[in-house]
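Hello,

Here is the structure I promised to pass on. Have a look at it first, and then read on for what turned up.

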Amino acid sequence: MQAYMLWNDNQAHNAKIEWYAPKTKKSDAAVVIFPGGAYKMLAEHEGKGYAEYLNSIGITAFVVYYTLAPEHFPLQLLDARRAVRFVRANSEKFGVDKNKICVMGSSAGGHLTALLSTYTKGIAGENVDEIDKQSYIPNGQILCYPVIVSDKTIGHTGSYTNLLGEEIQNWEDYDPSLLVHENTPKAFIWHTASDGSAKVLNSYRYATALYGKAIPCELHVFPFGPHGSGLAEKIPHVAQWANLLKNWFAYYEFL
């Protein structure tokens with residue numbers, strides 16, 4: 001593993017990205033991972049844990065340590081865009097195809113992954129150097145029990161509050177299910193129906209929005225399993241998702 005700072009020294013925040021190179025490389029694709037943690041911490045099993053799994057099947061992975069609360073939007077999305085651009089700008093060094101960059105996130109990291117895939121407005125702080133000339137739109141998105149909707153009866157209010165702070169009240173402007181457009185990348189999504197933190201309706205709403213724009217979407221919903229399961233090694237029925245993702249990679253020629 002090698003770590004890199006995403007921004008130059010004159011930036012106010014210290015986001016970094018870790019490169020995990022597989023011992024036996026089987027793909028020229030890469031996956032950029034945004035761990036979950038309600039935008040206030042980062043869960044290691046949803047970062048390093050996923051990267052090590054991806055390495056085991058021959059895929060290059062990157063884990064992003066993005067800005068967290070008490071800092072607010074747009075810094076998190078700025079870091080996410082920068083991470084994709086950084087990998088593309090250094091694609092030859094990392095031995096990956098810049099047109100095969102997927103993004104992956106769990107819980108709040110899933111929200112950031114989906115927001116990166118759907119939110120197209122310019123944000124302050126980007127376009128500062130040659131790296132920022134690369135596209136931030138990924139070629140595929142992988143969402144694990146994501147936070148999506150701004151509806152407070154369904155969504156995870158803590159994640160939205162930590163991301164936006166108290167001043168921004170128009171949460172719907174940052175709801176990926178309301179921002180899907182024709183160029184949104186294809187998606188792989190999984191969730192459990194019993195998730196009590198980020199309700200499964202988040203994934204249903206997002207999948208429905210993707211369907212409405214004819215964006216390819218593979219959705220798997222397992223009947224039981226807690227929020228934050230990660231690779232779910234101790235829940236064999238849920239743990240199937242990792243192999244299903246591997247099949248998805250193969251179908252779209254990422255693997």
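A salt bridge makes a good starting point: Arg85 pairs with Glu126, with 3.0 Å between the closest N and O atoms. Please keep in mind that this is a predicted model. The two partners come from distant parts of the chain, 41 residues apart, with Arg85 in helix 2 and Glu126 in the loop between helix 4 and strand 6. Arg85 has a relative accessible area of 6%, so it is buried. Glu126 counts as buried too, because its relative accessibility is 12%.

Glu126 has another partner. Arg81 forms a salt bridge with Glu126, again with the closest N and O atoms 3.0 Å apart. Here the separation in sequence is 45 residues, and Arg81 lies in helix 2 (residues 75-89). Arg81 is buried as well.

For contrast, take Lys133 and Glu130, whose salt bridge has its closest N and O atoms 2.8 Å apart. Lys133 is exposed, at 63% relative accessibility, and Glu130 is exposed at 57%. Through shared partners, Arg81, Arg85 and Glu126 are joined into one network of salt bridges. The whole structure holds nine salt bridges.

Now to the aromatic side chains, which form 21 pairs in the structure. Tyr4 and Phe94 are edge-to-face, because their planes stand at 70 degrees, with 5.9 Å between the ring centres. Since Tyr4 belongs to strand 1 (residues 2-5) and Phe94 to helix 3 (residues 91-94), this pair ties together parts that are 90 residues apart in sequence. Both residues are buried. Tyr160 and Trp171, on the other hand, are stacked, with 5.2 Å centre to centre and 15 degrees between the planes. Tyr160 sits in helix 5 (residues 157-164), and Trp171 in the loop between helix 5 and strand 7. Tyr160 is buried at 1% relative accessibility, and Trp171 is buried at 8%.

Trp171 also has a charge over its ring: the charged end of Lys152 is 4.5 Å from the ring centre. The charged end of Arg82 sits over the ring of Trp7, 4.5 Å from its centre. There is also an aromatic cluster made up of Phe188, Trp248, Phe249, Tyr251, Tyr252 and Phe254.

One last residue to look at is Asn55 in helix 1 (residues 48-56). Asn55 is buried, with a relative accessible area of 15%. A polar atom of the Asn55 side chain lies 3.1 Å from the backbone oxygen of Tyr20. Beyond its neighbours within four places in sequence, Asn55 has contacts that include Ala21, Pro22 and Thr60.

Best wishes

Methods. Residues numbered from 1 in each chain as written. Predicted model: local features only at pLDDT ≥ 70, side-chain atom pairs only at ≥ 80, totals over all residues. Heavy atoms only, no water. Helix = DSSP H or I, 4+ residues; strand = E, 2+ residues; numbered from the N terminus. Buried < 20%, exposed > 50% of the residue type's maximum accessible area, 1.4 Å probe, protein only. Polar contact = N/O pair within 3.5 Å; in protein donor to acceptor, adjacent residues only side chain to side chain. Contact = heavy atoms within 4.5 Å. Phe/Tyr/Trp six-rings, centres within 6.5 Å; stacked < 30°, edge-to-face > 60°. Lys NZ or Arg CZ within 6 Å of the ring centre and 35° of its normal. Salt bridge = Lys/Arg side-chain N within 4 Å of Asp/Glu carboxyl O.
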